[in-house]
Amino acid sequence: MERTHPACGSQASLPALCSGFTPMTLELSEGPILLRTFREEDVNALYEAVRESIAEVSPWLPWCHQNYSIEETREFISSREIASQGGEWYSFGIFENDG
């Protein structure tokens, strides 16, 4: 998938990185709760969470639809690092803190 990198304007296949790109890796934790950016290993868990929530969420979020696929989840997660580089769009997940 070709996209224009918001920081440097280069064309790259996701998740390819250009020289001016620094991935955001913010993590915040308190007790059993961890707030962090999404990672590739989150694909299955996020996909399952979306699929379980379609009936409740789809009236308000059109991307959460009956035919939602794991490929849509992969694309979402792989696009988050580049989206955050514009300084306007950040995506975080809430996880159980294992440490």
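## Overall architecture

A residue counts as partly exposed when its relative accessible area lies between the limit for buried, under 20%, and the limit for exposed, over 50%. By that standard R39, at 32% relative accessibility, is partly exposed, and the same scale is used for the other residues discussed in this report on what is a predicted model.

The protein is built from two helices and five strands, and these elements follow one another along the sequence in the pattern β-β-β-β-α-α-β. Of its 99 residues, 25% count as buried.

## Salt bridges around R39

Side chains of opposite charge can pair when their charged atoms come close. A search of the whole structure finds four salt bridges, among them one between the side chains of E27 and R39, with an N to O distance of 2.1 Å. This pair links distant parts of the chain, since E27 belongs to strand β3 (residues 27-30) whereas R39 sits in the loop between β4 and α1, 12 residues apart. E27 has a relative accessible area of 40% and is therefore partly exposed.

R39 also forms a salt bridge with E41, where the closest N and O atoms are 3.7 Å apart. E41 has a relative accessibility of 57%, and because the limit for exposed is over 50%, E41 counts as exposed.

## A salt bridge within helix α2

A further salt bridge joins E71 and R74, with 3.4 Å between the closest N and O atoms. Both residues lie in helix α2, three residues apart, which is about one turn of the helix. E71 is partly exposed at 46% relative accessibility, and R74 is likewise partly exposed, with a relative accessible area of 33%. Elsewhere, salt bridges that share partners join E27, R39 and E41 into one network.

## The largest pocket

Rolling a probe the size of a water molecule over the atoms shows where empty space is left. The largest pocket found in the model has a volume of about 260 Å³, and its lining consists of F38, L46, V50, W63, Y68, E72, E75 and F76. The elements that give two or more residues to this lining are α1 (43-57) and α2 (70-84), and the largest share, three residues, comes from α2.

By class, the lining of the largest pocket holds six nonpolar residues and two charged residues, with no polar residue. The charged residues in the lining are E72 and E75.

## Buried positions in the helices

I54 lies in helix α1. Which class, buried or exposed, does I54 fall into? Its relative accessibility is 6%, and because buried means under 20%, I54 counts as buried. The C-alpha atom of I54 is separated by 5.9 Å from that of C64, although the two residues are 10 residues apart along the chain.

R80, found in helix α2, also falls under the 20% limit, so that at 13% relative accessibility R80 counts as buried. In sequence R80 and S91 are 11 residues apart, while in space their C-alpha atoms are 6.5 Å apart.

## A nonpolar patch on the surface

On the surface, L26, L28, I33, L35, Y90, F92 and I94 form a nonpolar patch, and together these residues have about 640 Å² of accessible area. The elements that give two or more residues to the patch are β4 (33-37) and β5 (92-96).

One of the patch residues, F92, is found in strand β5. Why does F92 count as partly exposed? Its relative accessibility is 32%, which lies between the limit for buried, under 20%, and the limit for exposed, over 50%, and F92 is therefore classed as partly exposed.

How values were computed
Residues are numbered from 1 along each chain as its sequence is written. This is a predicted model: local features need pLDDT of at least 70, side-chain atom pairs count only at pLDDT 80 or more; totals for chains, interfaces and linings use all residues. Side-chain values use heavy atoms; hydrogens and water are left out. Patches are made of residues with over 30% relative accessible area and no salt bridge: like charges are joined within 9 Å, nonpolar side chains (Val, Leu, Ile, Met, Phe, Trp, Tyr) within 5 Å. Accessible areas come from the Shrake-Rupley method with a 1.4 Å probe; for residues, only the protein chains shown count as cover. Helices (H or I, at least four residues) and strands (E, at least two) are DSSP runs, numbered from the N terminus. Buried means under 20% relative accessible area, exposed over 50%, partly exposed in between (1.4 Å probe, protein chains only). On a 1 Å grid over the protein atoms alone, a cavity is a set of points where a 1.4 Å probe fits but cannot get out, and a pocket is an open set with protein on both sides within 12 Å along at least five of seven lines; lining residues have an atom within 4 Å of a point. Grid points are joined across faces, edges and corners, and a volume is the space filled by probe spheres set on the points.
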